[in-house]
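Here are my comments on the model you sent round, set out as numbered points. Please read them with the structure open beside you.

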Amino acid sequence: MAVPTLAANGMELYYERRGEGPRLLFCNGSGANLETSAPIVDAFAARFDVLAHDQRGLGKTGGTGPFSMAEYAADALALLDALGWYTTRLIGVSFGGMVAQEMAVTWPERVSRLALLCTSPGGGGGGSYPLHELAALSDEERATRYPTLLDTRFTPAWLAAHPSDRAMVEMVAERRRAPASPAAAEGAAAQLEARRGHDVYDRLPRISCPTLVACGRYDGIAPPENSQAIAAQVPRAELRTYDGGHAFFFQDPTVVPEVLDWLAE
């Protein structure tokens with residue numbers, strides 16, 4: 001069900017709750033909002049009481065940057081407090097995984113089970129690809145560069161031979177070409193800037209809950225080595241590597257059911 005915005009941390013946070021079951025806080029990726037991430041949120045809502053929100057500056061949540069990773073994490077905590085959720089399962093995808101890490105190292109007592117998908121710790125554990133640099137490229141250069149960031153196998157020859165992968169690349173490209181309002185463009189840029197400074201690597205041992213770290217073997221944005229670094233630093237972490245790229249949870253049909261089962265334990 002849709003829920004009104006919450007006044008917190010100097011802005012109005014738009015959030016929704018979907019589904020029934022154990023509590024699960026979902027943090028979405030770079031440039032995503034509740035509308036664009038609906039398919040994956042709905043997949044988790046099939047078994048959980050999912051709380052998700054438009055991160056500051058995106059979707060129906062306002063705010064003007066610059067923003068810090070600590071502020072994104074504080075927004076998520078404010079939602080838990082507003083709903084009376086002292087503890088929750090937590091899942092973060094890509095940028096959302098960075099937010100989830102920041103939250104889990106800062107307030108480890110609030111997270112009962114943690115899943116981190118296609119993300120990076122920063123610092124000594126490695127950072128994700130600097131997506132802000134793509135803004136300086138021409139449309140043609142971005143269109144050429146992005147497929148192999150999404151999946152390192154996605155060369156022109158590969159895409160010509162794999163229609164389903166080509167369709168995914170075309171879908172992502174169409175979404176990236178869609179005109180954004182000035183506010184949305186500013187929010188996305190502020191998010192990418194905050195992403196540049198993300199570094200929780202040395203603090204990861206503070207995470208005390210069971211943690212699943214999942215990655216795609218061919219991810220050019222958050223390379224699998226970065227997930228290996230997270231798993232090595234978190235005391236109760238399990239690493240799973242799948243055949244796919246940055247969107248491996250769409251590419252491999254076993255991922256979502258396995259993550260659902262793991263979160264439900």
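**Notes on the predicted model**

1. I begin with strand β6, which covers residues 111–117: six of its seven residues are buried, so this strand is largely enclosed by the rest of the structure. Please keep in mind here, and in every point below, that the model is a predicted one.

2. The neighbour of β6 to look at next is strand β5, made up of residues 88–93, which pairs with β6 in the parallel sense over six bridges. If you want one pair of residues to find on the screen, take T88, whose bridge partner in β6 is V111.

3. Helix α8, residues 224–233, also belongs to this part of the picture, and its buried residues are P224, N226, S227, A229, I230 and A231. What do the buried residues of α8 pack against? They pack against α3 (95–106) and against three strands, namely β6, β7 (211–216) and β8 (237–242).

4. Strand β2, which runs over residues 11–18, can be described in a similar way, because six of its eight residues are buried and it is therefore largely enclosed by the rest of the structure. Its pairing with strand β4 (residues 49–53) is in the antiparallel sense and extends over four bridges, and within this pairing the bridge partner of R17 is L51 in β4.

5. Two residues deserve a careful look for their backbone angles. N9, in the loop between β1 (2–8) and β2, has a phi near 55°, which is a positive value in a residue other than glycine. S94, in the loop between β5 and α3, likewise is not a glycine and has a positive phi of about 60°.

6. Are these two residues buried or exposed? N9 counts as partly exposed, because its relative accessibility is 44% and that class lies between the cut-offs of 20% and 50%. S94, by contrast, has a relative accessibility of 11% and so counts as buried, since the cut-off for buried is under 20%.

7. The loop between β6 and α4 (139–150) contains S138, which is partly exposed, with a relative accessible area of 33%. It may help to trace the chain from P121 to S138, as these residues are 17 apart along the chain and their C-alpha atoms are separated by 29 Å.

8. Turning to the chain as a whole, the secondary structure comes to ten helices and eight strands. The radius of gyration is 17 Å, close to the 18 Å that the globule rule gives for 265 residues, so the protein chain is as compact as a globular protein of that length. Along the principal axes, the C-alpha atoms fill a box of roughly 50 × 40 × 35 Å.

9. For the chain's interior and its contacts, two percentages are worth writing down. Of the 265 residues, 52% count as buried, and, among contacts between residues at least 6 apart in sequence, 74% join residues at least 24 apart.

10. My last point concerns the surface and the charges. The protein chain exposes about 11,400 Å², of which carbon and sulfur atoms supply 54%. The chain carries 23 positive and 32 negative side chains, and the centres of these two sets lie 3 Å apart.

How values were computed: Residues are numbered from 1 along each chain as its sequence is written. This is a predicted model: local features need pLDDT of at least 70, side-chain atom pairs count only at pLDDT 80 or more; totals for chains, interfaces and linings use all residues. Side-chain values use heavy atoms; hydrogens and water are left out. Helices (H or I, at least four residues) and strands (E, at least two) are DSSP runs, numbered from the N terminus. The radius of gyration is taken over C-alpha atoms; the globule rule is 2.2 Å times the number of residues to the power 0.38. Buried means under 20% relative accessible area, exposed over 50%, partly exposed in between (1.4 Å probe, protein chains only). Contact means heavy atoms within 4.5 Å. Accessible areas come from the Shrake-Rupley method with a 1.4 Å probe; for residues, only the protein chains shown count as cover. Lys and Arg count as positive and Asp and Glu as negative; His and the chain ends are not counted. The place of a charge is taken as NZ of Lys, CZ of Arg, CG of Asp or CD of Glu. Two strands pair if DSSP finds at least two bridges between them.
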